[in-house]
Amino acid sequence: MVYDCFFVALYLLLLLHNEITFELVSITLLFILLFSLFYIKNMIGGADIKLYIFILLFYGFTFFTYTLILSNILGCIFCIFAKKKRIPFVPFIALGILLSYCLI
């Protein structure tokens with residue numbers, strides 16, 4: 001699954017070859033490696049990783065950072081009130097994207 005994310009990221013980088021900087025490539029590859037550790041420990045799903053990679057590649061690092069922070073805050077609040085340990089995280093990533101649009 002992690003290798004699938006890696007190849008999707010490389011394919012997108014090839015599609016966007018004229019707008020790619022070295023920093024974006026290095027940040028994306030570092031992100032894939034870090035989140036693969038969470039995926040191996042069953043803390044985050046493959047769809048979450050792919051969605052974050054798309055956000056990072058298409059919207060940039062600033063928007064990605066806002067989305068990551070807001071989605072984690074929303075997910076933590078939901079876990080506290082719902083008293084669940086495992087939740088589907090994609091809806092919170094979507095809410096983080098919407099809130100990031102409002103903030104930026």
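Trainee: Which residues of helix 3 meet helix 5, and which residues of helix 5 do they touch?
Mentor: To read a helix pair, list who touches whom on each side. In this predicted model, helix 3 brings Ala47, Asp48, Leu51, Tyr52, Ile55 and Tyr59, while helix 5 answers with Val90, Ile93, Ile97 and Tyr101. By class, that contact has 9 nonpolar residues, 1 charged and no polar ones.

Trainee: And how do I read the geometry of helix 3 and helix 5?
Mentor: Look at the angle and the axis distance together. Helix 3 spans residues 46-59 and helix 5 spans residues 90-103; they pack at about 20°, axes 10 Å apart. Angles under 35 degrees count as roughly parallel, so helix 3 and helix 5 are roughly parallel to each other. As for handedness, helix 3 passes helix 5 in a right-handed crossing.

Trainee: At what angle does helix 4 pack against helix 5?
Mentor: About 130°, with the axes 8 Å apart; helix 4 covers residues 61-82. That makes helix 4 oblique to helix 5. The crossing of helix 4 past helix 5 is right-handed.

Trainee: Which residues make the contact there?
Mentor: From helix 4, you have Phe63, Tyr66, Thr67, Leu70, Ser71, Leu74, Gly75 and Phe78. From helix 5, the list includes Phe92, Ile93, Gly96, Ile97, Ser100 and Tyr101.

Trainee: How many nonpolar, polar and charged residues does the contact of helix 4 with helix 5 have?
Mentor: There are 12 nonpolar and 5 polar residues, and no charged ones. Now go back to helix 3: its contact with helix 5 does have 1 charged residue. Also find Ile93 of helix 5 in both lists: it meets helix 3 and is part of the contact with helix 4.

Conventions
Residues numbered from 1 in each chain as written. Predicted model: local features only at pLDDT ≥ 70, side-chain atom pairs only at ≥ 80, totals over all residues. Heavy atoms only, no water. Axes fitted to C-alpha atoms, helices over the stretch in contact; angles between N-to-C directions. Helix = DSSP H or I, 4+ residues; strand = E, 2+ residues; numbered from the N terminus. Parallel < 35°, antiparallel > 145°, perpendicular 65-115°, else oblique. Left-handed = near helix turned anticlockwise from the far one by under 90°. Contact = heavy atoms within 4.5 Å. Nonpolar A, V, L, I, M, F, W, Y, C, P; charged D, E, K, R; others polar.
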